Amino acid sequence: MSKIIILTVDGGGIKGIIPSYFLSQIEAALNKSCYEMFDIIGGTSTGGIIATALSSPVNNKLPLTASEIYEIYTNDGSQIFVSQPSIVPDYYSLYYANDGNGNGVEPFLQQKYGNYTLNDAKQNMAALENARTKHVFTTSYTINSSGNSIQNPTLGQDYGPYLFNWYDAANPGDDYQVWEAARATSAAPTYFPVGKLGGGSAPNSNASERWALDGGVMSNNPAVWAVSEAFRTKLASSLDDIILISLGTGSYPSGAGLVTNHQGLPDPDYGNWGFTPWLASDLDDLSGTENGRGAIVNIITESVQLVSSQQLSGFQKGGLTYFRLEPSITREQSKMDNIAQSNVDSLIDTAANFLSGEGSDIFLDIVNVLKQNT
């Protein structure tokens, strides 16, 4: 049996510059587009946008190349992060979904993807010459199916993890438009409004109504989902069948922890923190830098990413071939909405320096494995 080659991309907002750069270099090394190399492509949040762009009929029925996606991240951040004013501080999302004048993440995604559904994208892929991709997914978390109170809610329908994906799109109730899959997976709490998908009212699809959050709330690194999907779709029957390439958006090591002994007034010492310190105080991270409000959210986001990588390292003992590319980044670079040109430039430099330095051996291993198996 030929190997099943999987690509997954983490969440991280504008930090999508990093994995899109990595992929552009992989494409250049093999002289192939990603849809010609990977059997399964999955992503969370910004990684979900990358996954769908690499596999959907965006450009005259062809998916975008990684270089084209990289250009979007380096040039179009201001079209996605459109600030929303708030009379009462912190009561509204920082950025519009749609400002009513065609600006914001939803109009941007709708313009890029058109009205193609997930099943349309799958059928289009099957008709492309040299196409390899058979399954695509984005992660999300459903918080409601109608927007109203629900008696006896059902897991998967009314709440819980949900994958927008090609396999289930054979069912009309799960055949969302591609832009909806990208919008749902990137509906980051506090940054963007909750995504309202499906339901049949234009511009939404006729799929089941679903109110969804960014998949990063439960799987910022979607790689374990990808292994699970390989088995669920019967593309793989054992870990030996799988080559997994997982791309991060940069890790700020100090952001994964907090100073516990002496935070300084008014916050209690020795980690004796209640509601307000965890959710509203500027607790110091491991470097002693103010973490910003919502330290518990940062800790949870970091933890769900780190857990997946550690789990997959364990799966290597069972036969999984696993590669992970992720550079360390600074606190300033770690902000998912920092679209300042200086930060964009620094993320580009970080990605390039990582591939020519610390990550060069892993990158070469990835290229060699792809050459041998595609």
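Me: What do the names β2 and α2 stand for in this predicted model?

Reply: Helices and strands here are DSSP runs, a helix having at least four residues and a strand at least two, and they are numbered from the N terminus. With those names in hand, you can place S45: it sits in the loop between β2 (40-43) and α2 (46-53).

Me: Why is S45 called buried?

Reply: Buried means under 20% relative accessible area. S45 has 5%, so it is buried.

Me: What makes D214 count as buried?

Reply: The same cut-off helps: under 20% is buried. D214 has a relative accessibility of 6%, so it counts as buried too. You can find D214 in strand β6 (residues 210-214).

Me: Which feature does UniProt place at S45 and D214?

Reply: The unreviewed UniProt entry gives "active site" for S45 and D214. They are spread over 170 residues of sequence, yet they cluster in space, with a largest C-alpha distance of 5.8 Å.

Me: How do you know that S45 and D214 are in contact?

Reply: Contact means heavy atoms within 4.5 Å. D214 is among the residues that S45 touches, and G11 and G12 are listed there as well.

Me: Why is the pair of F81 and Y95 called edge-to-face?

Reply: Ring centres must lie within 6.5 Å to pair, and planes over 60 degrees apart count as edge-to-face. The centres of F81 and Y95 are 5.1 Å apart and their planes are at 75°, so the pair is edge-to-face.

Me: Which residues do ring pairs link into a cluster with F81?

Reply: Y95 and F192 join F81 in that cluster.

Note on methods. Residues are numbered from 1 along each chain as its sequence is written. This is a predicted model: local features need pLDDT of at least 70, side-chain atom pairs count only at pLDDT 80 or more; totals for chains, interfaces and linings use all residues. Side-chain values use heavy atoms; hydrogens and water are left out. UniProt positions are given in the numbering used here, feature names are shortened, and annotations may be inferred rather than shown by experiment. Buried means under 20% relative accessible area, exposed over 50%, partly exposed in between (1.4 Å probe, protein chains only). Rings of Phe, Tyr and Trp (its six-membered ring) pair if their centres lie within 6.5 Å; planes under 30 degrees apart count as stacked, over 60 as edge-to-face and the rest as tilted. Lists of a residue's contacts leave out its neighbours within four places in sequence.
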